[in-house]
2 protein chains.
Amino acid sequence: MNYAQLVENIKRKRSFLCVGLDTDVKKIPSHLASEEDAIFKFNKAIIDATAPYCVAYKPNLAFYESLGVEGWIAFEKTIRYIRENYPDQFIIADAKRGDIGNTSKMYARSFFEHLDVDSITVAPYMGEDSVTPFLGYEGKWVILLALTSNKGSHDFQLIKDENGRRLFENVILTARTWATPEQMMFVVGATQGQLFEDIRAVAPDNFLLVPGVGAQGGSLEEVAKYGMIKDCGLLVNSSRGIIYASQSEDFAEVAAAEAAKLAAEMSALLNTYAGI
Amino acid sequence: MNYAQLVENIKRKRSFLCVGLDTDVKKIPSHLASEEDAIFKFNKAIIDATAPYCVAYKPNLAFYESLGVEGWIAFEKTIRYIRENYPDQFIIADAKRGDIGNTSKMYARSFFEHLDVDSITVAPYMGEDSVTPFLGYEGKWVILLALTSNKGSHDFQLIKDENGRRLFENVILTARTWATPEQMMFVVGATQGQLFEDIRAVAPDNFLLVPGVGAQGGSLEEVAKYGMIKDCGLLVNSSRGIIYASQSEDFAEVAAAEAAKLAAEMSALLNTYAGI
């Protein structure tokens, strides 16, 4: 999916919500957990219920890999299901990959050719040749970790260089020389609040993928206030707050209600901060 | 496998060689490639041939994931085969993972409980809570990226902070407060030559996992000269230089000869630089 299509979907749906499919077999409703293919059935129900209110889905690979082969099958089925039934959804493989060029090429092939997702999250530590192999695909995106939502983000990402520039700023400034805003987004945690202003100083026109609203405590209002640009430029992710909102038989309905609530807030924020 | 056992294996075998199982279906001998279960059959032949000359195996997950479900099956079979037939081999899942604590926990479960490898490579960018979930397992190790072998390693890893300390030094110094040298190694590329002296200034007693000898051009002699400590403290990896040394029916024999050659060099270096 290209930049223009993504912006068009956001405007049409009045939502910049991404639903995180962090599906943990230990947390899904008990009536489903014992069934065969439980993970995929859970995802399918969540997707069918939430699709009207979101523009993207983000399965985190860790949750699938932790189940080995069975998990990979569920992951692939989930991607295929979204692709076939909701072609206007942007799919993010939250994989946080990044390896030497030769190896990153294998990952790119895996995610963009074999699985056909729209984007993959990539860790920046290994530098340019670990990232650029993901850039040769039309309409596909790299989403590079910049300033993450977790406590440990302060350990290295805020280290100032000799000129007072922090590592996350160096990452963004350097990565912007590798790719256009039509190919690259940055991960910025919702928990970072006012630091969104500093992000926009170095990434004025990139989309930001924003985890950390909900369970992790970030504020949607602050994210929009400091991070929104005229094309919106935000994909805000919620995982646990939506998919585990109920653990009973009504889990899909309750997930839809939570997604609808966030979408309604987003509609108002689009109006206030982007005039959309 | 714990620290003492690893050192004991190195002394007994007079080798600190790690064989990288970066198995690419496009590069394995044609007589095998068309067979069912080709990846595992190739790995099995390589392992049986090289086991006398090495102390560790390092499959890089990218090569397996690029094949989807089928690749995961081959990966799991390979790990199981090593575990059952060569229990004195140290197994490294080269996965370069690293995510928020909640998610890193899933990865730890996947690699240490489900698969039972000895260690996993982890990217440091997200900081403490992305790394520590891997540390709660007896005899299991985190191998943290510090100074990698690729060209892009210069993009961020060498950035100096306000006190002149480079990022890879900050990563090592901080990570050493999270884990003992019995739980944590660092990845340092063989291509970094004299920088091994600087690594040893901040990590005097950690094992280093050293990729980049062979195809990437690093010098084994330099690595030993600047990086070896009294317990050896090195695992030097070679992948392509061993597993693709021949693409004919004799591939396993030729791989064994290449591994034996490296082991002989290593034996001499152990004598010269560690007095072992």
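This passage describes the contact between chain B and chain A in a predicted model, and then turns to some features within the chains.

The interface offers a natural place to begin. On the chain B side, 57 residues are in contact with 57 residues of chain A. Between them the two chains bury an area of about 5,000 Å², and carbon and sulfur atoms give 60% of that area. Three residues stand out here: B:M106, B:Y125 and B:F156 supply 18% of the area that chain B buries against chain A, more than any other three residues.

Polar and charged interactions also cross this interface. The count between chain B and chain A is 4 salt bridges. In a salt bridge between the two chains, the side chain of B:R97 meets that of A:E65, with an N to O distance of 2.9 Å. Polar contacts join 26 residue pairs across the interface, counting pairs in which both residues have pLDDT 80 or more. Many elements of chain B take part in the side that touches chain A: helix 4 (61–65), helix 5 (69–85), strand 3 (90–97), helix 6 (101–114), helix 7 (128–131), strand 5 (141–147), helix 8 (153–156) and helix 9 (167–175) each supply at least two residues. Helix 6 of chain B gives the largest share, with 8 residues. Sorted by class, the side of chain B that touches chain A holds 23 nonpolar, 18 polar and 16 charged residues.

Within chain A, helix 10 (residues 195–202) makes a helpful example of packing. Its residues A:L195, A:F196, A:I199, A:R200 and A:V202 are buried. These residues lie on the same side of helix 10 of chain A because they cover an arc of only 165° around the axis. The partners against which the buried residues of helix 10 pack are strand 5 (141–147), helix 9 (167–175), strand 6 (184–188), strand 7 (208–210), helix 11 (220–227) and strand 8 (234–238) of chain A.

Two single residues complete the picture. B:S119 belongs to strand 4 (residues 119–122) of chain B, and B:S119 is buried, with a relative accessible area of 0%. Beyond its neighbours within four places in sequence, B:S119 is in contact with B:F90, B:I91, B:I92, B:A93, B:F112, B:W141 and B:I143. A:Q5, by contrast, is partly exposed, with a relative accessible area of 42%, and is found in helix 1 (residues 3–13) of chain A. Although A:Q5 and A:D88 are 83 residues apart along the chain, a distance of 8.4 Å separates their C-alpha atoms.

How values were computed: Residues are numbered from 1 along each chain as its sequence is written. Chains are lettered from A and ligands numbered from 1 in the order in which they are written. This is a predicted model: local features need pLDDT of at least 70, side-chain atom pairs count only at pLDDT 80 or more; totals for chains, interfaces and linings use all residues. Side-chain values use heavy atoms; hydrogens and water are left out. Buried means under 20% relative accessible area, exposed over 50%, partly exposed in between (1.4 Å probe, protein chains only). Helices (H or I, at least four residues) and strands (E, at least two) are DSSP runs, numbered from the N terminus. The arc is that of the directions from the helix axis to the C-beta atoms. Contact means heavy atoms within 4.5 Å. Buried area is the accessible area (1.4 Å probe) that two parts lose on being put together, summed over both. A polar contact is a pair of N or O atoms within 3.5 Å; within protein, one must be able to donate a hydrogen and the other to accept it, and residues adjacent in sequence count only if both atoms are side-chain atoms. Ala, Val, Leu, Ile, Met, Phe, Trp, Tyr, Cys and Pro count as nonpolar, Asp, Glu, Lys and Arg as charged, and the others, Gly among them, as polar.
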